[in-house]
Amino acid sequence: MSYPFLKGHGTENDFVVLPDPDGSVHGDLPAERVRALCDRRAGLGADGVLRAVRRGDGWFMDYRNSDGSVSEMCGNGIRVFARYLHEREGEDFPMQVQTRDGVKTLERAGDELTADMGRPEVFGDTKVTVLGTTWAARHVSMGNPHAVAFVDDLADAGPLLQAPEHDEAIFPDGVNVEFVVRRGEHHVAMRVHERGAGETRSCGTGACAVAVVAALADDAPRGTAYRVDVPGGTLSVVWTEDDRVLMTGPAVLVAEGVTDL
Ligand SMILES: N[C@@H](CCC[C@H](N)C(=O)O)C(=O)O
């Protein structure tokens, strides 16, 4: 059996897009198939899979991490998903996309796309540990869970070959962990260890969580744009007066074909 696919990325957080309009192509998308597709040696290679399913008169983004697990939301993924819907399915901007974290609206921003990521939920303090070093972190939900830790140097977190240790009582389903340094006024840089995918070159929801924590620390007025550098590029994040987080960044489709994986 052959399946159509596309490959794309947003700030080098890369995804396999699986068109499955009536949901009949991939069934419930078994975790083994996701792992096979995302395998960087034996498969197409990706941090996650974006299955495109029609729901009502719109589209649902069925997001899976590269280990086959489900997540509520993916910020880089939704821009790539919207790029796909625009270029291959004829959907216009502004565009609404259904996700496990509700409906998100995407707009064009020049060559880039802006996603309204909704309201952040800022919780209390927590801790993360890597190879015996522990940092204070802030728990933020962008629909999916994040722990944001400011560090002295991005290299301090080491090679991030394993998930950082975290409080299982606070994060029973695991957590995405961002390590952050300041680069200038309203300008930060981060690395991320993604739940279900390992260290990646970028995380859109992570960049939003980081900008929210930085804005709170800076007491920055709502509407202040934060530049968030990631290993794979740069995202811009604004936490608005009406408590929404707008994330702007690139979304690129790089290949399409068929696969029997
Ligand atoms: N890369 C994503 C986040 C993907 C989901 C995450 N790993 C999780 O399990 O919550 C992004 O760009 O937001």
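User: Is Glu89 buried, exposed or partly exposed, and how would I decide?

Analyst: One counts the C-beta atoms around a residue, where 20 or more within 10 Å make it buried and 12 or fewer make it exposed. Glu89 has 13 other C-beta atoms within 10 Å, and therefore Glu89 falls in between and is partly exposed. Please keep in mind that this is a predicted model, as this applies to each feature we discuss.

User: Where in the chain is Glu89 found, and how far is Glu89 from Val53 in sequence and in space?

Analyst: Glu89 belongs to helix α2. Separation along the chain and separation in space are two things to read side by side: Glu89 and Val53 are 36 residues apart in sequence, and their C-alpha atoms are 12 Å apart in space.

User: What span should α2 have, and what does the model give?

Analyst: The idea is to allow 1.5 Å a residue and to compare the expected span with the distance between the two ends. For the 15 residues of α2 the expected span is 21 Å, and the end C-alpha atoms are 20 Å apart, so the two values agree. As for its surroundings, α2 is mostly covered, with eleven of its 15 residues buried, and among these buried residues are Asn76, Arg79, Phe81 and Leu85.

User: Which residue follows α2, and what is the sign of its phi?

Analyst: Most residues other than glycine have a negative phi, and most peptide bonds are trans. The residue that follows α2 is Gly90, and its phi is positive, near 75 degrees. Further on, in the loop between α2 and β5 (95–99), we find Pro94, and the peptide bond from Phe93 to Pro94 is cis, with omega near -5 degrees.

User: Which residues have a positive phi although they are not glycines?

Analyst: Two cases are worth reading with care, beginning with Leu131, whose phi is positive at about 45 degrees although Leu131 is not a glycine. Leu131 sits in the loop between β8 (121–130) and β9 (133–141), and it counts as partly exposed because it has 13 C-beta neighbours inside 10 Å. The other case is Asp243, which is not a glycine either and has a positive phi of about 65 degrees. Asp243 lies in the loop between β16 (233–239) and β17 (245–249), and with 10 C-beta neighbours inside 10 Å it counts as exposed.

User: How many residues of α3 are buried, and what span should α3 have?

Analyst: The reasoning used for α2 can be applied again. Helix α3 (residues 204–218) has 15 residues, so at 1.5 Å a residue it should span 21 Å, and its end C-alpha atoms are 21 Å apart, which agrees. Twelve of its 15 residues are buried, and α3 is thus mostly covered; its buried residues include Gly204, Thr205, Cys208 and Val213. Asp219 follows α3 and has a positive phi, near 55 degrees.

User: How many residues surround the ligand, and which are the closest?

Analyst: To read a ligand site, one lists the residues around the ligand and then asks which parts of the chain supply them. Here 17 residues surround the ligand, and the closest are Ser71, Asn76, Asn144, Gly204 and Thr205. The elements that give two or more residues to this shell are α2 (75–89) and α3, and α2 gives the most, with three residues. By class, the shell has three nonpolar, twelve polar and two charged residues.

User: Which domains give residues to the shell around the ligand, and how far apart are the domain centres?

Analyst: The domain assignment of the chain gives domain 1 (3–118 + 250–259) and domain 2 (121–243), and each of them gives at least three residues to the shell around the ligand. The centres of the two domains, taken over C-alpha atoms, are separated by 23 Å. The contact between them takes 20 residues from domain 1 and 19 residues from domain 2, and the side of domain 1 that touches domain 2 divides into four nonpolar, eleven polar and five charged residues.

User: What radius of gyration would a compact globule have, and what is the value for this chain?

Analyst: A compact globule with 261 residues would have a radius of gyration near 18 Å, and the protein chain has 17 Å, which agrees. The chain has three helices and 18 strands, and its C-alpha atoms fill a box of roughly 50 × 40 × 30 Å along the principal axes. Of the 261 residues, 45% count as buried.

Methods
Residues are numbered from 1 along each chain as its sequence is written. This is a predicted model: local features need pLDDT of at least 70, side-chain atom pairs count only at pLDDT 80 or more; totals for chains, interfaces and linings use all residues. Helices (H or I, at least four residues) and strands (E, at least two) are DSSP runs, numbered from the N terminus. The expected span of a helix is 1.5 Å times one less than its number of residues. The radius of gyration is taken over C-alpha atoms; the globule rule is 2.2 Å times the number of residues to the power 0.38. A residue is near a molecule or strand if its C-beta atom, placed from the backbone, lies within 6 Å of it. Ala, Val, Leu, Ile, Met, Phe, Trp, Tyr, Cys and Pro count as nonpolar, Asp, Glu, Lys and Arg as charged, and the others, Gly among them, as polar. Domain bounds come from an automatic or database domain assignment. Two residues are in contact if their C-beta atoms, placed from the backbone, lie within 7 Å.
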